[in-house]
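Reader: Please take a close look at the cysteines of this chain and the loop residue beside them. I would like to know how the sulfurs are placed, and what surrounds that part of the model.

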Amino acid sequence: MPQHARTTRACRDCDGFASAMVTTGTRHLDGTRATVRVDCPTCHGTGGATPAALLARLGR
């Protein structure tokens, strides 16, 4: 019997890749690059989407 794949709702803006490290262009004293973590503004770094029906019920 085939196994059914679990359907997970990925964010439509980041496609599940919710966070990225971005270099600032500066370097630390040891020569490594300074980075900042940037999260997807839609899913707030979770990578998943909340169903529209749930958002409507919560009043968002």
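Author: Of the 60 residues in the chain, 12% are buried. The model is predicted, and its mean pLDDT is 79, with 67% of the residues at 70 or more. About 5500 Å² of the chain is exposed, and 55% of that area comes from carbon and sulfur atoms.

The chain contains 1 helix and 2 strands, in the order β-β-α along the sequence. Confidence varies between these elements: β2 has the highest mean pLDDT, 93, and α1 the lowest, 59. Of the contacts between residues at least 6 apart in sequence, 45% link residues at least 24 apart.

Now to the cysteines. The number of disulfides is 0. For Cys14, the closest cysteine sulfur belongs to Cys11 and lies 3.8 Å away, which is too far for a bond because a disulfide requires the two sulfur atoms to be within 2.5 Å. Cys40 is likewise in no disulfide, its nearest cysteine sulfur being that of Cys43, at 3.8 Å.

Both Cys14 and Cys40 can also be described by their accessibility. Cys14 has a relative accessible area of 13% and is buried, because the limit for that class is under 20%. Cys40 has a relative accessibility of 9%, so this residue counts as buried too.

The loop residue to consider is Gly45. Gly45 sits in the loop that runs between β2, residues 33–39, and α1, residues 52–58. The loop therefore lies between the element with the highest mean pLDDT and the one with the lowest. With a relative accessible area of 22%, Gly45 is partly exposed; this value is not under 20%, so Gly45 does not count as buried.

What does Gly45 touch, leaving aside residues up to four places away in sequence? Its contacts are Ala18, Ser19, Asp39 and Cys40. One of these partners, Cys40, is the buried cysteine with 9% relative accessibility. Another, Asp39, is the residue at which β2 (33–39) ends.

Cys14 is not listed among those contacts, but its position relative to Gly45 can be given: the two residues are 31 apart in sequence, and their C-alpha atoms are 9.3 Å apart in space.

Taken together, this part of the model holds two buried cysteines, Cys14 and Cys40, neither of them in a disulfide, and a partly exposed glycine, Gly45, that touches Cys40.

Notes:
Residues numbered from 1 in each chain as written. Predicted model: local features only at pLDDT ≥ 70, side-chain atom pairs only at ≥ 80, totals over all residues. Heavy atoms only, no water. Buried < 20%, exposed > 50% of the residue type's maximum accessible area, 1.4 Å probe, protein only. Helix = DSSP H or I, 4+ residues; strand = E, 2+ residues; numbered from the N terminus. Contact = heavy atoms within 4.5 Å. Areas by Shrake-Rupley, 256 points an atom, 1.4 Å probe, with all protein chains shown as cover. pLDDT = per-residue confidence, 0-100.
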